[in-house]
Amino acid sequence: MQILRSIQTKTCVDGSLMKEYVLDEPLSEGFLKFLANFGTVRSLEQLRKPYFSFEKDLFISIKGFTGNNIVEVRYKKEFQDLVADYFHLLLFYYRQDESGIASLKGIEESIREKMRVRLGPSKGNRP
Amino acid sequence: MNPVPRGVPSPLIYLNNAATTWPKPPEVCAEVTRCLETPFFEHGRSTAGGVTDYPSATRDALAVFFHAEEPDHFIFTQSATDSLNLLIHGFVKNQKTPFHAITTELEHTSVLRPLHTLEGEGRLTLSTLPFYEGRIDLPEIKKAIQSDTRLVVMTHGSNVLGSLQNIRPVAEYCASNDIFLIVDGSQTVGQIPVNLSEIPAGAFVFTGHKALFGLPGIGGFYLPDPDAIATVRQGGTGTDSSTLVHPQDMPQKFEAGTPNYPGIASLLAGIRFIERFGQDAITNKCRGLTALFTKELKKVTDLTLYTPSPDLPVVSFNIRDLNNDEAGYILANAYGIITRTGLHCAPLVHERIDGGKGCIRASFSYFTTPDECRVATDAIREVAESADSQVHPD
């Protein structure tokens with residue numbers, strides 16, 4: 001899955017950066033299963049269009065409809081520079097199935113390490 | 001349902017009229033077109049003749065609409081926010097010493113931010129009164145009065161709770177106690193009859209793009225006593241150009257720069273539209289829609305309705321287990337229902353009603369239909385019933 005273009009960008013009330021992307025193929029159940037390896041996926045399937053959301057603390061949140069190729073991604077405020085590529089990484093490693101999960105978890109750990117360094121030892125917040 | 005122009009998702013049910021009304025009456029669109037197709041004319045700014053002097057014609061229409069005595073005491077601004085800033089900062093500029101001001105938790109940030117800024121600068125001390133069941137009545141205001149209270153700024157109707165304030169006794173009390181009252185009528189003007197001959201406020205603020213059906217970018221205020229407010233803007237007025245001192249005559253005192261002619265034309269046409277259909281008919285229709293909508297929402301379990309019977313066509317609610325942002329996203333993208341979510345620029349109201357998380361707001365206009373309300377409440381019910389969905393843990 002790839003991003004074709006960004007159609008909307010705005011800063012949200014909570015300081016997160018929202019971007020709306022058009023993808024080259026519709027969001028699928030398979031992608032939701034892949035996402036579930038990295039955060040909390042919630043789906044509301046009884047609606048006119050099946051809705052889903054993905055939440056990953058300190059990283060990003062995603063919302064959209066399965067079967068649709070438009071997705072809204074919010075990059076959390078705290079470490080926006082560190083997580084700016086995270087959605088792109090999700091799309092890239094989704095294509096690699098199981099090996100992609102392990103690879104992305106490794107990248108994710110290095111991002112968390114940078115977060116820990118930035119927070120410093122006294123903050124108590126362990127990303 | 002509304003006719004949907006090209007490029008707008010269809011079908012579309014527009015329930016965000018408390019932000020900006022849509023659609024606009026055809027005569028508003030036609031008047032704006034007519035305004036743009038003819039040379040702009042205003043005494044002092046053009047020699048074009050024989051065409052409408054929109055600012056003067058609209059001031060006359062506003063005076064009739066509001067039952068106000070002085071057409072020239074209607075000032076055009078770019079919005080209610082602009083009006084409130086001019087009035088609040090202009091009032092403070094006129095005061096030689098710091099003083100006490102009163103406002104309420106119901107206010108929009110267009111009131112709260114200027115007052116907060118001035119408080120931070122040491123120009124005033126501020127009491128922000130809590131609301132009870134959506135209202136702040138005169139006894140609460142009287143209790144907050146101090147010996148140096150000189151200003152009260154409060155809304156006529158809440159943009160979140162849809163509650164109407166009993167403003168007349170507040171205005172009478174302030175008028176008889178030398179306290180300047182600024183009333184924010186953004187949510188009431190065009191929704192209910194507003195008779196300024198019965199509301200002796202220091203200033204009354206309105207906006208054009210909501211229930212007056214005008215364009216965004218036009219607003220104004222009525223100021224019976226111009227001496228109460230100092231000018232915070234100076235510039236071209238088309239009059240007295242030989243002097244560098246800004247004119248103190250009305251309306252020039254508060255109108256520097258070329259006016260928003262298309263916006264003013266839209267306001268004129270919007271007022272004519274309301275007069276043609278009758279304010280009472282519009283008020284009654286919107287109240288009927290609000291009653292229908294709230295009646296249907298009360299049947300939905302897993303839903304919190306913040307005002308069971310709003311006075312104004314504004315219905316705020318939250319769906320349990322679904323944040324308002326997600327609910328608004330689903331309603332818009334799966335059902336074509338446009339609402340507004342979040343804090344609605346009224347953070348203190350939300351602090352009280354939902355802990356500052358925000359909510360979903362549906363708001364109606366004369367052009368909303370009962371069918372649209374039914375379709376929308378059915379969709380909300382469907383979303384609420386689905387909210388107890390599967391969650392895949394991390």
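This passage walks through the two chains of a predicted model, from their overall build down to one helix and two single residues.

Chain A makes a handy starting point. Its 127 residues form four helices and six strands. Read from the N terminus, the order of these elements is β-β-α-β-β-β-β-α-α-α, so to speak a little map of the chain. Along the principal axes, the C-alpha trace of chain A spans about 50 × 35 × 30 Å. How does the radius of gyration of chain A sit beside that of a compact globule? For 127 residues a compact globule would come out near 14 Å, and chain A has 15 Å, so the two agree.

As for what is tucked away, 48% of the residues of chain A count as buried. The accessible surface of chain A is about 6400 Å², and 49% of that belongs to carbon and sulfur atoms. Take the contacts in chain A between residues at least 6 apart in sequence: 49% of them join residues at least 24 apart. Charges come next, with 20 positive and 17 negative side chains in chain A. The centres of these two sets lie 5 Å apart.

Two residues of chain A give a closer look. S61(A) sits in strand β5, which covers residues 60-65. Is S61(A) buried or exposed? The relative accessible area of S61(A) is 13%, and the cut-off for buried is under 20%, so S61(A) counts as buried. With neighbours within four places in sequence set aside, S61(A) is in contact with F54(A), E55(A), E72(A), V73(A), R74(A) and K76(A). L89(A), on the other hand, belongs to helix α3, residues 86-94. Once residues up to four places away in sequence are left out, L89(A) touches L104(A) and I107(A). L89(A) can also be placed relative to E25(A): the pair is 64 residues apart in sequence, and their C-alpha atoms are 16 Å apart in space.

Now for chain B, with its 394 residues. This chain holds 11 helices and 14 strands, and its C-alpha atoms fill a box of roughly 75 × 55 × 40 Å along the principal axes. The globule check can be repeated here: 394 residues in a compact globule would give a radius of gyration near 21 Å, and because chain B has 22 Å, the two agree. Of the residues in chain B, 57% count as buried. Chain B exposes about 16200 Å², with carbon and sulfur atoms supplying 50% of it. Among contacts in chain B between residues at least 6 apart in sequence, 70% join residues at least 24 apart. Chain B carries 31 positive and 44 negative side chains, and the centres of the two sets lie 1 Å apart.

Helix α2 of chain B, residues 54-66, deserves its own paragraph. How far apart should the ends of this helix be? At 1.5 Å a residue, its 13 residues should span 18 Å, and the end C-alpha atoms are indeed 18 Å apart, so the expected span agrees. Its buried residues are Y54(B), P55(B), T58(B), R59(B), A61(B), L62(B), A63(B), F65(B) and F66(B). An α-helix has 3.6 residues a turn, so residues three or four places apart point the same way. The buried residues of α2(B) pack against several parts of chain B: α1 (26-37), β2 (74-77), β7 (203-207), α7 (261-277) and α8 (279-297). Right after α2(B) comes H67(B), whose phi is positive, near 55°.

Notes. Residues numbered from 1 in each chain as written. Chains lettered and ligands numbered in written order. Predicted model: local features only at pLDDT ≥ 70, side-chain atom pairs only at ≥ 80, totals over all residues. Heavy atoms only, no water. Helix = DSSP H or I, 4+ residues; strand = E, 2+ residues; numbered from the N terminus. Expected span 1.5 Å × (residues − 1). Buried < 20%, exposed > 50% of the residue type's maximum accessible area, 1.4 Å probe, protein only. Contact = heavy atoms within 4.5 Å. Rg over C-alpha atoms; globule rule 2.2 N^0.38 Å. Areas by Shrake-Rupley, 256 points an atom, 1.4 Å probe, with all protein chains shown as cover. Lys, Arg positive; Asp, Glu negative; His and termini not counted. Charge placed at Lys NZ, Arg CZ, Asp CG, Glu CD.
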